[in-house]
Amino acid sequence: MNSAVNRISGGRTPVWALGLAGVATLLLVVEIMPRLGLVDARFLPPTSQILVALADRLGMPEFWTALGQTLTTWVTGLAISLVAGVVLGVVIGSVPALRAVTASTIEFLRPVPSVALIPVAILLYGTGMASTLLLVVYASFWQVLVQVLSGVQDVDPVASDTARSYRFSPLTRVRTVIWPTTLPYAMTGLRLAASVALILTVTGELLIGTPGIGKLLGIAQSSGAVASMYAYVVVAGLLGVAVNVLARVLESRVLFWHPSVRGEVAA
Amino acid sequence: MSGMVKALRSVLQPVLLAVGLPVVILAVWWVLTAGSTSYFNPPLRTIVGVFGDTWFSSPFGESRIAVDVVPSVLRLLSGYAVALVVGVTLGVAIGSSRVLRAYAEPVLEFFRAIPPPVMVPILMLFLGIGDTMKIVVIATGCLWPILLNTVEGVRGLDPVLRDTARAYRLGRVATVRHLVLRGASPQIVTGARQALSIGIILMVISEMFAAKDGLGFSIVQFQRSFAIPEMWSGVILLGVVGVLLSLVFRAVTNAVLGWYLGYRQSQHGGA
Amino acid sequence: MSSPTSPVSTTADDVADRTGGARLAVRSLRKVYSGRGEPVEAIADLTFEIRPGELVCVVGPSGAGKTTLLRCMAGLMPATSGELVLGESAITGPPQGMAVVLQEYGRSLFPWMTVAQNVELPLKEKGVGRSRRTELVRETLAAVGLGDVAGSYPWQLSGGMQQRVAIARAVAYEPQVLLMDEPFAAVDAQTRFELEDLVRTLWKRLGITVVFVTHDIDEAIYLGERVLVLSARPTVVLEDVAVGLGAERDQLETRGDAEFARLRTHVYELVQQAKKGVRSLAEAHLTHPAAVGVEPGGASGPPRVR
């Protein structure tokens, strides 16, 4: 066993093949366990049945509509929090007095769990998209804001003083000094916010009943369609993977010149 | 005399800065809603008025704090503890082996990407709607950020430190304890912080699906029975619980990572 | 202990009497890296022996496989073929009774431990009792001149001080063999002289075997009783040069010595030849007369000329 592992680590098996083997193992285990009766097939259907249910969904227009609704909510919420987070972050961050006054409030509001707002959202907006948007924006806004704030704080004081001594206008100062330093932080904020936003989008759909993949999952649950339930979970997971990958690609595209990205590539 | 004024100012200023904006916000909320007859948006005065009665009724053993809030928090802490132990253990194992990491990484990336609340309906199938289900929901949600960050941390350990540990013949246990866990602790803490906020969300959500007690359950009950001021008081209490937990977390972190701040500063200055 | 006038042989005998040092033998060592792509032969064939209590320096052109050799000796890396023997037993993993000081001082110390804890950790693992541990930590830190910073963290200290901590950790471990891999390559020149003298002092006091890898020819001659000059990779021993500079060395006097200058010229020429790909003394084209006390060939030769 040990020598086999050593042989592999000698570099003969490429990483992607091992990863593929891992995925295959998962699929195989899920296929076999219910068939052998190790888990109740009513609770965990074999892989093949889940895949059949997934294929069925892919042929249904409702599925694609729901997927579109989920993505719309996600993108809208993310865009709102990105703009709000960056603007407020730059403004608050570059005015020391504002930063001092707001610090405690930000520290207090940030850990307030967004789901606390679910009842409030239902009361205010019913089961429409706005309800879920409220959750999404609240949760992802803080991710962006906090990152942008630490980005502005990271601005080289010498560069900042230079800009001031040359009497740059505030807008020029933001453009030439603050923004280049803050951009990497904002990208990190965006990456974190993107996955948080997706979580809250699906959560809102599941709990409030806003149209989307989460709602279909809820319906599958209440009608006892277990295989379809798993199919929706797989869809939600793949969505999440796509969001993570997309965010990482975007981050390295925008920041190709930044040492943190260059370091990652080299390592 | 002026020295005393200065000293007083140096004490008062940070306090005023910290308290100022929250007081203004609350005051504005208070004033704006003072004459509110809106059903959904009751005066802050009413919310504050029901707060004590709703949560702290006597005797304490029968108050909602003891009956609802304490069980919620206990479930959160149990699930969180399970996730910490399992996540760090698996993370150390996976992070220490290149082969295991390559093998497990795509699967882990998938599980991490599943929005955790989606797992609630599935876990309900297996575990019903009792405390076990809620604890497992919290644990499975908290697991991934801890696990993946631990893997990152272990992978990022300085090879020179690893060589040093080997050259001095540190045993497996000592290496894990003194090198791997300590060296990966900054990343583990990052993961644990993400996990805590996910855990609070799941604590509430698991109670919204099905429960007989709990903070999330109470808030939904109030909403469904249109006890709006009580519902608002619950939302505020939930916020307070979140803030308190993050304060505790920060205190623990500062104790564990005291060395890290200085180390980073020295690296920053040197580089 | 050893008076300034004592001849080399006395010190050598003095050292041999102690149980401190151990013999280190390298026989037909070969190391081939077989990663992705073409395998790289780092070490072709190395054979030499280091007697108990000897201080031997290893020099060679950069990329000569010096670090590979040291990592093999430290048991951190398996040899492709050949044999490494410490005392009576073959080296298969990091052996008992060996301590290592690495070049990257800033990265070989645990940043989450204080200076004292860094020194103490290997002792704990070795099973040294608490009171003896405390004593060893205090003694060795005092010996390297760091008695007053025991409670600081390594990153609060300067580079030279950090390398002192690494040396203290190695010495406190009470090894029979101490391996040092270009330990002073990254410290400034002043500190470097101090640390070189520290190594000589500790070596004489403890009587342990020291293998000191460096790319600095002056440092090798100043420190060593013998200097092994390596060829470029794939590595063989180009020459085993005996250093007849006496037991007492002084940064000013020794470095001004005519013998030092001769050795320096000789080793410098050898390294230049090695860079050009010369792989044996016979091939080497030396323009200056060879130094006194040269032992031709790489094998564990006869005892040093006295």
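This briefing describes the fold of chain B and then the place where chain A touches chain B. The model is predicted, and its chain B is built from 11 helices and 0 strands, divided between domain 1 (2-34) and domain 2 (49-270).

**Helices and overall form of chain B**

- Reading along the sequence of chain B, one meets the pattern α-α-α-α-α-α-α-α-α-α-α, and because its radius of gyration is 24 Å, well over the 18 Å that the globule rule gives for 271 residues, chain B is more spread out than a compact globule.
- The C-alpha trace of chain B spans about 75 × 70 × 35 Å along its principal axes.
- The centres of domain 1 of chain B and domain 2 of chain B, taken over C-alpha atoms, are separated by 34 Å.

**Packing within chain B**

- Of the 271 residues in chain B, 41% are buried.
- Among the contacts in chain B with a separation of 6 or more, 72% join residues that are 24 or more positions apart.

**Where chain A meets chain B**

- In this pairing, 44 residues of chain A are in contact with 42 residues of chain B.
- On the side of chain A that touches chain B, at least two residues each come from α1 (2-12), α2 (15-35), α5 (96-109), α6 (118-125), α9 (170-207), α10 (213-222) and α11 (226-254) of chain A, and α11(A) gives the most, with 8 residues.
- Sorted by class, the side of chain A that touches chain B holds 32 nonpolar and 12 polar residues, while no charged residues are found there.

How values were computed:
Residues are numbered from 1 along each chain as its sequence is written. Chains are lettered from A and ligands numbered from 1 in the order in which they are written. This is a predicted model: local features need pLDDT of at least 70, side-chain atom pairs count only at pLDDT 80 or more; totals for chains, interfaces and linings use all residues. Domain bounds come from an automatic or database domain assignment. Helices (H or I, at least four residues) and strands (E, at least two) are DSSP runs, numbered from the N terminus. The radius of gyration is taken over C-alpha atoms; the globule rule is 2.2 Å times the number of residues to the power 0.38. A residue is buried if 20 or more other C-beta atoms lie within 10 Å of its own, exposed if 12 or fewer, and partly exposed in between; C-beta atoms are placed from the backbone. Two residues are in contact if their C-beta atoms, placed from the backbone, lie within 7 Å. Ala, Val, Leu, Ile, Met, Phe, Trp, Tyr, Cys and Pro count as nonpolar, Asp, Glu, Lys and Arg as charged, and the others, Gly among them, as polar.
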